[in-house]
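Student: Got a minute? I have a structure open and want to go through it with you.
Tutor: Sure, put it up and ask away.
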Amino acid sequence: MKWDDLKDQPCSVARTVAVIGDRWTLMLLRDCFLGVRRFEAFQERLGISRTIITDRLKTLVDEGVLRRVAYQDRPPRHEYRLTRKGLDLYPVIMGIVHWGNVHYAGDAGPPMLHRHRTCGHDIEPVLACKACGEALDARAVEVRPGPGLEDPGRGTAGALPAQSGSGIQISKPPSPVRPSKLSG
């Protein structure tokens, strides 16, 4: 499958990756959620070429994730603001932040903490059932075909794999090898 084909797949992950799946796009979105809005600030923070920033910002604007707003007429200058669609990516970004904090923060701890303004406590993202409020992990969720899956059996990247009915299987690390007793 080609990168350009992802947007046409009957899979929400593929369609989303087609828009935000590039590392520089994710870093631009991170900066947007940190309050960065201006091209020069993105370039200074990320240290990447103007061409890459221009391309990624154009995609995000074209997809309705950001909107380009003039803040100066002479010379013309614009800033980039998150739209409602862009703000809907906050749980995604926070999920990535949490995963990085858990698996890559190191001994010193996470490089940034996120505090809930209302209660003043640091937060960690939690996926919960909309109906009952129960916290969820992969083993508590069953995936089934939705109305947007045109032909569940057509064998595309978006099709559901055959499931054993027991949900997602999480592999456990192997048990430590114990030396066997030698008889003698």
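Tutor: One term before we start: a helix here is a DSSP run of H or I with at least four residues, numbered from the N terminus. By that rule, residues 84-87 form helix α5, and L87 lies in it. Keep in mind that this is a predicted model.
Student: OK. How many helices and strands are there in the protein chain?
Tutor: Six helices and two strands. Reading from the N terminus, the order is α-α-α-α-β-β-α-α.
Student: Back to L87. Is L87 buried or exposed?
Tutor: Neither extreme. L87 has 36% relative accessibility, and buried needs under 20% while exposed needs over 50%, so L87 counts as partly exposed.
Student: What is L87 in contact with, beyond its sequence neighbours?
Tutor: Leaving aside residues within four places in sequence, F33 and L82.
Student: And how far apart are L87 and L66 in space?
Tutor: Their C-alpha atoms are 9.1 Å apart, with the two positions 21 residues apart in sequence numbering.
Student: New topic. Which residues have the most contacts inside the largest nonpolar core?
Tutor: L29, F42, I53, L57, L60 and L66. The core has 19 residues. Two or more of them come from each of α1 (12-20), α2 (23-33), α3 (39-46), α4 (50-62) and β2 (77-82).
Student: Any general background for that sort of grouping?
Tutor: In soluble globular proteins, nonpolar side chains tend to be buried together.
Student: How much of the protein chain counts as buried?
Tutor: 19% of its 184 residues. The chain exposes about 14300 Å², and carbon and sulfur atoms supply 53% of that area.
Student: Let's zoom in on α3. Which residues of α3 are buried?
Tutor: F39, F42 and L46. Viewed down the axis of α3, the buried residues fall within an arc of 65 degrees, so they line one face of the helix.
Student: What covers the buried residues of α3?
Tutor: The cover includes α2, α4 and β2.
Student: Take F42, then. What is F42 in contact with?
Tutor: Setting aside neighbours within four places in sequence, the contacts are L28, D31, C32, V36, R37, G47, I53, L57 and Y80.
Student: G47 is on that list. What phi does G47 take?
Tutor: A positive one, about 65 degrees. G47 comes just after α3.
Student: C32 is there too. Is C32 buried or exposed?
Tutor: Buried, since its relative accessibility is 9%. Compare C119: its relative accessible area is 43%, so C119 is partly exposed.
Student: How many disulfides does a search of the whole structure find?
Tutor: Zero.
Student: Over to T25. Where is T25 found?
Tutor: In helix α2. T25 is buried, with a relative accessible area of 3%.
Student: What does T25 touch?
Tutor: V19, I20, R56 and L60, not counting residues up to four places away in sequence.
Student: Now aromatics. How many aromatic pairs are found in the whole structure?
Tutor: Two. Take F33 and Y90: the ring centres are 5.2 Å apart and the planes sit at 55 degrees, so that pair is tilted.
Student: Why tilted and not edge-to-face?
Tutor: Because edge-to-face needs planes over 60 degrees apart and stacked needs under 30, and 55 degrees meets neither cut-off.
Student: What does the pair of F33 and Y90 tie together?
Tutor: Parts that are 57 residues apart in sequence, because F33 lies in helix α2 and Y90 in helix α6 (residues 90-104). F33 is partly exposed at 21% relative accessibility. Y90 is partly exposed as well, at 34%.
Student: Which residues does the cis peptide bond join?
Tutor: R74 and P75, with omega about -10 degrees. P75 has its place in the loop between β1 (66-72) and β2.
Student: Last one. Where is D137?
Tutor: In the segment after α6. D137 has a relative accessible area of 37% and is partly exposed. From D137 to L127 the C-alpha distance is 7.5 Å, and the two are 10 residues apart in sequence.

Methods: Residues are numbered from 1 along each chain as its sequence is written. This is a predicted model: local features need pLDDT of at least 70, side-chain atom pairs count only at pLDDT 80 or more; totals for chains, interfaces and linings use all residues. Side-chain values use heavy atoms; hydrogens and water are left out. Buried means under 20% relative accessible area, exposed over 50%, partly exposed in between (1.4 Å probe, protein chains only). Accessible areas come from the Shrake-Rupley method with a 1.4 Å probe; for residues, only the protein chains shown count as cover. A nonpolar core is a set of buried Ala, Val, Leu, Ile, Met, Phe, Trp, Tyr and Cys residues joined through side-chain atoms within 4.5 Å. Contact means heavy atoms within 4.5 Å. The arc is that of the directions from the helix axis to the C-beta atoms. A disulfide is a pair of cysteine sulfur atoms within 2.5 Å. Rings of Phe, Tyr and Trp (its six-membered ring) pair if their centres lie within 6.5 Å; planes under 30 degrees apart count as stacked, over 60 as edge-to-face and the rest as tilted.
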